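Student: I am new to this structure and would be grateful for a close look at one part of it. Could you guide me through its internal cavities, and then through the surroundings of that part?

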Amino acid sequence: MKYAHLSVAAIVAVGLSSHAFAAADTLADAFKNGTVKGELKAWYFDKDSEKLDSSTSPSRVLKDTEKSGDIFNTVAVLNYVTDTFYGLSLGSTIQASAAPFADTEGKKAYASDMYGSGAVLSEAYVGYTLGKTNAKIGRQFITTPLVNGSGSRIVKESFEGATVVNTDIPATTLIAGFVDKFQTRTSYLKKNDVGGNAPSFEKRAIFNGVSASDTYQFDDAYTLAIINKSISHLTLTAQYANIGDVVATNTKDVDLYYTDADYVLPMNGFKLGFYANYRGAKTDLVSGTGSNAISFDGAQTAGRISISELSGFGLALTAATNSKNDAVIAGMGNGAASSTATLVKASSPSLRANTDSYRLDFTYDFSTIGVIGLKSILQYAQANQDRVKNASTSADYTSYAGGIMYAVPVLKGLSLELLYEKQEIETTRYSNNTTFMADLDELRCKVNYKF
């Protein structure tokens, strides 16, 4: 796993290189010379969760039967992109998933993110390349800091809209985008939905920080971004997004801001990394009422120091702090993440108001001792929240996580991944100054084959 911030410049470079400027002589040749890629996935998830008997006046900890269970999923992904014809191309990606052995517990526990059988056309776009400008109109995967579809579940999130990427300015990438609809992971859209089917494109989206599972209605979204690498070893990124008429407890526009600086200094035998990030929102959006009301006019400031490629070892310490009275919206889609997101449980604890979060990563690449393709990570994290205004409770999260990833060298395209996280939650009830401990455990096993 790479550290949880986005290398947008690298992503854009890959996107541009995949659409070479060679053109077909005829329209028939454009289709005949198109490229086909695919992926087969078989994933098994298992989680055990506890919860308080009340969010406002807790008295004991119970097993959370709605969020405990296991599920086995399979998916086939097929991508086709035509050759260019006078700069034009067509692209499509279909994701077809099945959960053939899901039981009642698994269906409930994974309704919002894994339990969905059927097929969805996640990409269907017209592309146009002119010089160093690449445009796409239609359904497409988008990966930017503030608008980002997550691929951490078996069906990847997608968007419907338009993007334009330009690299005419030396060492600079400019991005403009428009989003009209969003495709989540299953047919689950909001609380009390049961999922079970493939997702569809809707005028609803995930706004990570408001919720990582429930979608909210929105009008349209617009975004602008810039990435600059003029200074050696330094990458600077900035992005702005406006999302109109987001519907929670009230209906408000949301303006999102993002900046980061990523400096990697090559040393003799290793690399030093220094990273700083700011993300925030300007909005009057509110979720909930009374003492449980959450406002989202908050910001997160984060920094990281890292050592990498030291005889295969890597070490990174990340720290972040949030606004005192307002929670943070990381962005649109679950791929928009906190800088201290954890390996399995991700961003939600570290995006809350009045929260300080920390994460320590220890990585090792076994190729340095001859085991090609094998990598590992150990992770320790905290997200500690002080009381927000007159809230009845606050909670501190402590996470222990580990993962091992193996790209099998004897069979190109085959990869194996095993992830585990244990999360301890200490909740304080202020009415009588009592504390309660609850645990969350989740195991994820992934087998992927790309062709």
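Tutor: The account below begins with the enclosed space and then turns to the surface, the charged pairs and the loops. Please bear in mind throughout that this is a predicted model.

Let us begin inside. The count comes to 2 cavities of 30 Å³ or more. The largest cavity holds about 80 Å³ of space. Its lining consists of 13 residues, and those closest to its centre are Thr342, Pro349, Ala381, Ala383 and Ser399. Three strands each give two or more residues to this lining, namely β23 (355–365), β24 (374–385) and β25 (393–407). Of the elements concerned, β24 gives the most, with 3 residues. As to chemical class, the lining of the largest cavity has 6 nonpolar and 7 polar residues, and no charged residues. As a general point, rolling a probe the size of a water molecule over the atoms shows where empty space is left.

Two of these strands also appear on the surface. A nonpolar surface patch of about 850 Å² is made by Ile307, Leu310, Phe313, Leu315, Leu317, Leu360, Phe362, Leu378, Tyr380 and Tyr400. The elements that give two or more residues to this patch are β20 (299–310), β21 (313–322), β23 and β24. Here β21 gives the most, with 3 residues. Strands β23 and β24 therefore give two or more residues to the lining of the largest cavity and two or more to the nonpolar patch, where strands are runs assigned by DSSP. One member of the patch, Phe362, has its place in strand β23. Phe362 has a relative accessible area of 36%, and is therefore partly exposed.

The charged pairs come next. The structure holds 15 salt bridges. In general, side chains of opposite charge can pair when their charged atoms come close. One of these salt bridges joins Arg359 to Asp361, with the closest N and O atoms 2.8 Å apart. Both Arg359 and Asp361 are buried.

A further salt bridge is formed by the side chains of Glu442 and Lys345, at 3.1 Å from N to O. Glu442 lies in strand β27 (residues 434–450) and Lys345 in the loop between β22 and β23, so this pair ties together parts that are 97 residues apart in sequence. Glu442 counts as buried because its relative accessibility is 2%. Lys345 is buried as well, with a relative accessible area of 18%, and this follows from the cut-off, since buried means under 20%.

Elsewhere in the chain, Glu160 forms a salt bridge with Arg139, and the closest N and O atoms of the pair are 3.4 Å apart. Glu160 belongs to strand β7 (residues 158–166) and Arg139 to strand β6 (residues 133–140), so the pair ties together parts that are 21 residues apart in sequence. Arg139 is partly exposed, because its relative accessibility is 25%. In addition, Asp180, Lys203 and Asp220 are linked in a network of salt bridges.

The loops complete the account. Asn325 is found in the loop between β21 and β22 (331–332). With a relative accessibility of 34%, Asn325 counts as partly exposed. Asn325 and Ala353 are 28 residues apart in sequence, and their C-alpha atoms are 5.6 Å apart in space. Asn192 occupies the loop between β8 (172–183) and β9 (196–197). Its relative accessibility is 71%, so Asn192 counts as exposed. The C-alpha atoms of Asn192 and Tyr216 are separated by 14 Å, and the two residues are 24 residues apart along the chain.

Two further loop residues deserve a look for their backbone angles. Most residues other than glycine have a negative phi. Tyr86, however, has a positive phi, near 55°. Tyr86 lies in the loop between β3 (69–81) and β4 (88–98), and at 67% relative accessibility Tyr86 counts as exposed. His233 likewise has a positive phi, near 75°. The loop that holds His233 runs between β14 (221–228) and β15 (234–247). At 41% relative accessibility, His233 counts as partly exposed.

Definitions and conventions. Residues are numbered from 1 along each chain as its sequence is written. This is a predicted model: local features need pLDDT of at least 70, side-chain atom pairs count only at pLDDT 80 or more; totals for chains, interfaces and linings use all residues. Side-chain values use heavy atoms; hydrogens and water are left out. On a 1 Å grid over the protein atoms alone, a cavity is a set of points where a 1.4 Å probe fits but cannot get out, and a pocket is an open set with protein on both sides within 12 Å along at least five of seven lines; lining residues have an atom within 4 Å of a point. Grid points are joined across faces, edges and corners, and a volume is the space filled by probe spheres set on the points. Helices (H or I, at least four residues) and strands (E, at least two) are DSSP runs, numbered from the N terminus. Ala, Val, Leu, Ile, Met, Phe, Trp, Tyr, Cys and Pro count as nonpolar, Asp, Glu, Lys and Arg as charged, and the others, Gly among them, as polar. Patches are made of residues with over 30% relative accessible area and no salt bridge: like charges are joined within 9 Å, nonpolar side chains (Val, Leu, Ile, Met, Phe, Trp, Tyr) within 5 Å. Accessible areas come from the Shrake-Rupley method with a 1.4 Å probe; for residues, only the protein chains shown count as cover. A salt bridge is a side-chain nitrogen of Lys or Arg within 4 Å of a carboxyl oxygen of Asp or Glu. Buried means under 20% relative accessible area, exposed over 50%, partly exposed in between (1.4 Å probe, protein chains only).
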